[in-house]
Amino acid sequence: MVIVESPTKAKTIQKYLGRTYKVVASKGHVRDLPKSKMGVDVENNYEPHYISIRGKGDTIKALKTEAKKAKAVYLASDPDREGESIAWHLSYLLGLDVNDKNRVAFHEITKDAVKEAFKHPRTIDMNLVNAQQARRVLDRLVGYSISPLLWKKS
């Protein structure tokens, strides 16, 4: 099983990999900080508290079902910090070992690039995940701190 972000990419990559793989899409992020509260524990080293994104329940359920049937699960989200974060969240939701070499990344959607990426799977790059988390936490802290001040000025 291969998980990409976009359903369109899934169809194209499925053609390249053939019937031995099932390529499915996460349709972007599957977990995030809650919208209704801070979602960051400032008393505990700024630990983020993630929840499944509203409306993604069916997608998550389908991914879990397919993952249980699969011999192996490859995470092929985009090769940037957002994509790495999506791979990390999928790994968590699907109960995958973050230290497994199940991350494949390609910078172009061509048959050669996709096939080559599968020759060199790697672990999830936690530096990129942490960079995305830091950005997300900072956005949340600033947003929650500044928004009330801006509302008072309006």
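**Exercise 1. Find out which parts of the chain the salt bridge between K9 and D78 ties together.**

Solution. Start with the contact itself: the side chains of K9 and D78 meet in a salt bridge at 2.6 Å, N to O. The rule asks for a side-chain nitrogen of Lys or Arg within 4 Å of a carboxyl oxygen of Asp or Glu. Next, place both residues: K9 lies in helix α1 (residues 7–17) and D78 in the loop between β7 and α3, so the pair ties together parts that are 69 residues apart in sequence. Helices (H or I, at least four residues) and strands (E, at least two) are DSSP runs, numbered from the N terminus. Last, check accessibility: K9 is partly exposed at 27% relative accessible area, and D78 is partly exposed at 22%. Here buried means under 20% relative accessible area, exposed over 50%, and partly exposed in between (1.4 Å probe, protein chains only).

A word on the model: it is predicted, so local features need pLDDT of at least 70 and side-chain atom pairs count only at pLDDT 80 or more, while totals for chains, interfaces and linings use all residues. Residues are numbered from 1 along each chain as its sequence is written, and side-chain values use heavy atoms, with hydrogens and water left out.

**Exercise 2. Compare the burial of the partners in the salt bridges K22 to E66 and E84 to R103.**

Solution. The count comes to 8 salt bridges; take two of them in turn.

- K22 and E66 meet at 3.8 Å, N to O. K22 lies in the loop between α1 and β2 and E66 in helix α2, so parts 44 residues apart in sequence are tied together. K22 is partly exposed at 43%, whereas E66 is buried at 18%. K22, E66 and K69 are linked in a network of salt bridges.
- E84 and R103 meet at 2.9 Å, N to O. E84 is in helix α3 and R103 in the loop between α3 and α4 (111–119), 19 residues apart. E84 is buried, with 0% relative accessibility, and R103 is also buried at 0%.

**Exercise 3. Check the length of helix α2 (residues 57–69) and work out where its buried residues lie.**

Solution. First, the length: at 1.5 Å a residue, the 13 residues of α2 should span 18 Å, and the end C-alpha atoms are 19 Å apart, which agrees. The expected span is 1.5 Å times one less than the number of residues. Second, list the buried residues: T59, I60, L63, E66 and A67. Seen down the axis, they fall within an arc of 130 degrees, so they line one face of the helix; the arc is that of the directions from the helix axis to the C-beta atoms. Third, find their neighbours: these buried residues pack against β1, β2, β6 and α3, with contact meaning heavy atoms within 4.5 Å. On the other side of α2, D58, K61, K68 and K69 are exposed.

**Exercise 4. Describe the 3-stranded sheet and identify its edge strands.**

Solution. Read the order: the open sheet runs β2-β1-β7, with parallel pairing. Two strands pair if DSSP finds at least two bridges between them. β2 (23–25) and β7 (74–75) each have a single partner strand, so one side of each is left without a neighbour in the sheet. Strand β1 (residues 2–4) pairs with β7 over 2 bridges, and V2 has Y74 as its bridge partner in β7.
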